[in-house]
Structure formats: C-alpha cells, structure tokens
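Hi,

Here is the structure I said I would pass on. Have a look at it, then read my notes underneath.

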Number of protein chains: 2
Amino acid sequence: MIRYPGLIIVLSILMVASWALASETTHDPYKEYKTHFQPITEKYVDNPDNPVTPEKVELGRMLFHDPRLSKSSLFSCNTCHNIATWGMSKLPVDIGHKWRRTPVNSGTVLNAAYYEAQNWDGRAADLEEQAKGPILDPHEMAMPSEEFAVERIASMPEYVQRFKVSFPDEPEPLTFDNIANAIGAFERTLLTPGRWDRFLLGDDDALTEDEKDGLKTFVDSGCSGCHDGLVLGGGFEMLGVVEPYESESPSRGRYDVTGKNEDMDVFKVHTLRNIEHTYPYFPDGAVWELDKAIDIMAEIQLGFEFSDSENKSILTFLKALTGEIPEHALKLPVLPASTKETPRPDPD
Amino acid sequence: MIRYPGLIIVLSILMVASWALASETTHDPYKEYKTHFQPITEKYVDNPDNPVTPEKVELGRMLFHDPRLSKSSLFSCNTCHNIATWGMSKLPVDIGHKWRRTPVNSGTVLNAAYYEAQNWDGRAADLEEQAKGPILDPHEMAMPSEEFAVERIASMPEYVQRFKVSFPDEPEPLTFDNIANAIGAFERTLLTPGRWDRFLLGDDDALTEDEKDGLKTFVDSGCSGCHDGLVLGGGFEMLGVVEPYESESPSRGRYDVTGKNEDMDVFKVHTLRNIEHTYPYFPDGAVWELDKAIDIMAEIQLGFEFSDSENKSILTFLKALTGEIPEHALKLPVLPASTKETPRPDPD
C-alpha cells in the first residue's frame, strides 16, 4: 500500500541527519560546567553484597524507626537522622544516652548511599557498616552488645518472620549484621532527585538564569574541585587547606581512624544536595548560616574572599540543589508489640 | 410494559414484611452485651471551639513531628506519643529534657479525642489544652515560655503562612494557643476503628467465637462498668476500689488537681482500644503483661480472682480491640528549614 517506499526511507535518513547536525551546532553554554556532575537516575543504590529487595527495605524501615534498638528505648535511627528534617537532626552535635553528646554532627542520611565511605572520618566503609555504630555507641543508642540487640528484635515473632523472608538463603537470618543490612537497604532508597537532576539531564528550564549563573560562579571559583559528582561531595579532603578550620571539636577526621599524619583533618566532603536543609554545617555543626559557610570555605579552602555578589550567586545555586524526599521515605511503619521475652528499656 | 403492576406491589410488600418479621425474631445473643459500647463511625472528633479542617490537620501534623518545639530540639510530640508504636512510647515513664523522668506513663494519643478529659489526672480539659503541657514542662520538652515557642515557629515563613491559612479569621493566627489548636486538630483525626467496630455495627463474623465469648466474660465480670462506651474507658474512676494499687509513683490522680479527698487515686480510665499495643500498663507503667494487668484489675477493682480460663477469655477479647492506624497518621511531614531568626537548640 506504500507507493514510494524508497523515497520515504531517503527522506527519513535526511531528517535524522539534519536533526543530528542541528543538535551538534546548538550551543549548550553549560555543557562544560555539567561535566563535573552526574544526575541521580535510579530509585536506589544497590549493593552486590546486600542486594536491595522490597522485603528488606520494609524491614529496614521498621528497624530505622524502632526505638527498641536503643538501650533506653528512647532513640531510633530516625532520632538523629530524622527524615522529616532532611535525614538529620538539627543539633550541632547530637544528644544520646543519658544526655551524653556525640563528638560530631550527625550529617544527613539522604543520598548518603553515594558516599565513598560513611561518617565524617570515613570509619565505616558503607551504610551497612555505619548502621552498627550508633546502636552500640555509649554516647548514642548505647546497646550493651550485639547479642542484646539481636535478643530484643528476636523476641518479636513478626520480626523473626520478616528476617526469614528478607534473608531467605541464610540459615540464621536474624543476626546483628542483618539488622544493619536491612537498615542499610532502606537507606539505599533514600535518594532525593530534583530540579538539579532534570537540568543535568537536558531540561534547561529546570534552573533559573540566576541559578545557572550560580553554577558558573561555583565551578569557576573552584568549589567543584571537591564538591562534584553525583552528590557534590562524598570523597575525602583536608578541611583547612589554606587556613585551619577553627573548632572546639576533638575530631581530627581520618587521622582518628588511620593514625597517619597525612590524614590529619581530612574529612568526608558532605553532600551539597539539600544543603539549605542540612544545617548546621561542618563536622562540629558550629555554623548555622549557609552564606557564612560559603565564606568560610572560600577562606580556608580556596584562600580568597568572595564578593557579596559571588556569595549570593553561589547561595542561589546551592538552593537549587534541593531535591524531593520520596513518598515512601516519609511513611512511618507500624511496629510489632514487645513480648514477655523482650528485654525491657533501661534508662541507666 | 409491566403486565401486573398491582401483583408486583403486593408481592414486594409481602417480602419486606416477612423480612422485617424474620429480623425481629432472629436472636442476637450479643445484643445486650453490645449496649455497653459504641462503634467509631467518624473520621475525626470535631471540636466546635477548634473546628477540624484539612489545613489545620496538616499544620498539626507538622508541629506534632517538629523537635523544635522542645528546648533541646531533641523531642517532638511524637517522641513520647510515637504513632509507629501506637501513639505512645514504650517506656514505663518517659525521659525528657536533660534525662529527667516524667511522673507517669505517656498513654496513647490514639482515640484520645474521645476521653472525657486528658492526662491520667484529667488536668487538661481536652487535647488542645493537653498539647500545651509537655511543651512547657521542664521534665519533658522544657520550652522556657509560651513566647519562646511562638518565636521558634514564627521564625519560619512557611509556618507563618500555614497559620494564616489554618486560622483565617484571626487577626493574630500564630499564637501559643493556636500551636496547641493545630496539634489538637491533628490528634482528633487519630482514630483507629477495626474489627470491633464492624462487629458492633452488625457484622457478626468480624469477631471469632472465642472473642465473642470473651466479650461475655468481660461484661459479666463487671469490667464494662468502667471500660465502656466508645473507647472502653475515658472517664474517671478510683484505682484500687477494693485493694490499693501498689505503686512507687508520687501521683495520686485527680487529687493532685482538685485537692479533694474524694479524688484521691482517681485516674482516667485508659482506653482498651489497641490495648495489646499500649503497654506498659497503669499510670506508673509498671506492668508489662496484659494477662497480669487483667488479674490485678480483678483483684483491686472487683475484689475477686479470675480463673485461668476467664483471664484467657478476657485476654482474647481485648486483643480483638486492636484497630487499624489510618494511613494519613503514618505520614511524616517535610518540615521547613530554620532561619537566621530561629532560636537555636539549647541542651542545657
């Protein structure tokens, strides 16, 4: 029924060719700037050693919100990594068991799956390892032992069943490692793509002109030297390259983990995604204002001062990095009832 | 087109009449037992002085989950009335500011809108009044003053706007009273109808035979003398009618409020809805097991001992009182960012 099939094919080839040519000649003024960054395009960050499954994520959500993972039963993971306040508390340093204080700021759990390693000093290799730390830390959830944590959780039949389903190939599914694995799997889904990602994927209108100008200022000033990639951060860098960062915190970053001089004051570069919401800033959480944090970074990392308009331009760009907390992350679980076997809360 | 309209009308009348007759003669063996109780049939419990509106409920949800309503910014309403654990903490008495302890157990916020008055001692007339207490209590959220609470919230433009929309007719929408009114409106939607309500509304199969037997044991023993109505509780009664309730708690119930001798050890009757999830029991939260709580009540309130089978029967009935937490109650809000004007957290 097609009268001139040859002609149609030729025309099609010409159309595709002219479109390709036009695309190549269209100038994207931000093309070079975009090369420093990558968009979030996935629903979760998988881990071959701990594959993300719906069952594990649901179990992880429950454990993340369960205060019985703390000795006193007052604190859950969500206390210091509150999803309602963008994956962290709003305290400079956190308050834990018996009103003890943590040495550093909690940092956000949102998009943390993309970090090279976890904690400000990188002492945990991944989210699964990180999840174990606060549960046992006497300044945080203060559980007396891994065994005690397992005993609490294993006392509830619903949890036992969910561990079986979440770790079907394991002879002993309910272990301390798997408590952390489930929490890690849930945290691997806490990604917040937004306008910034749509911009990187080609939607020029996703950012305003001021925000795009801010991107230029940000990159041209050298900020993207450390704040780059998927989360504009996530690697490790010295804090205080040009001048020391003034702090009362005892933490010396990776040095505390490795003991190597070259790691002195080397900290994880906090993601700039959602940065307007993840104050207070720096490892000691001492700085509340984002514009002030920008000035401090210029001074101690880059060795110069921003003009007011440069500071404002970068601030405008940073606010464009706010994404959307996915709906499933904002769902509270209904937790199973304790039983006669559940070890009771211990506030002492 | 209808050949015999008269006949059809006559037949219809006969059918309706015979159905009505059959219904009347069908014996409902639980009819008398049901008269002690009422089902939840509404989505929320309105308050003419603080009408429940969607805007106010959404604002209330935000405030309910906002830790900035506590001096330290560690505690939100949800800390001690955790929706994930059935509207209360799982602590005998709660932990508040600087690890101080509350004198009594938190009690659940679920279905609390139906209570005659709030708190174990009834010191707050309604949910709106109750909401103010913990915010200012030095043992709980420890805000230094009403003004300070308003200052924190009013420092965030999104909150200011939401108060305007939620209280449109008021010249000054953002007040301490309206913080409590919004929280109260949210709490008025925290109702958990379930199988029990379907049973009361006529679905005989909503309860098992054992559960229905348990209802009989419950009523015949006299439990429904105090645990009746919409939430099987909610009024005020003396705890320890026959024998005193042994407790180390300093609370003497309504006597602490009124100073009247007749109010000594008179406490609010806690709802039995979701009772298997709202342990630990009694004003001091000293009893963890529901079967033990049943025995204590028989002994000190009714003056006799339940046989094992009676205890088990009542336990079976009580577990049938577990409802469903509505989906909207399990939604975490995304809270607005603090600003330069927001008073900082104070852990001291």
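To compare the copies, they are superposed by least squares on the C-alpha atoms of residues with pLDDT of at least 70 in both. This is a predicted model, so local features need pLDDT of at least 70 and side-chain atom pairs count only at pLDDT 80 or more, while totals for chains, interfaces and linings use all residues. Residues are numbered from 1 along each chain as its sequence is written, and chains are lettered from A, with ligands numbered from 1, in the order in which they are written.

Now the pair. A turn of 180° with a shift of 0.0 Å along the axis lays chain B on chain A, with an RMSD of 0.0 Å. The two copies are thus related as by a two-fold rotation axis. Within chain B, the residue closest to that axis is B:Lys331, at 2.5 Å (C-alpha).

What about the contact between the chains? It joins 32 residues of chain B to 32 residues of chain A (in contact means C-beta atoms, placed from the backbone, within 7 Å). Both copies use the same surface: 100% of the contact residues of chain B recur in chain A.

Chain A itself splits into domain 1 (54–191) and domain 2 (195–319), with bounds from an automatic or database domain assignment. Their C-alpha centres are 27 Å apart. Where they touch, domain 1 of chain A gives 21 residues and domain 2 of chain A gives 25.

Finally, B:Gly222 and B:Asp169 are 53 residues apart in sequence, and 48 Å apart in space, C-alpha to C-alpha.

Cheers

Methods
Contact = placed C-beta atoms within 7 Å.
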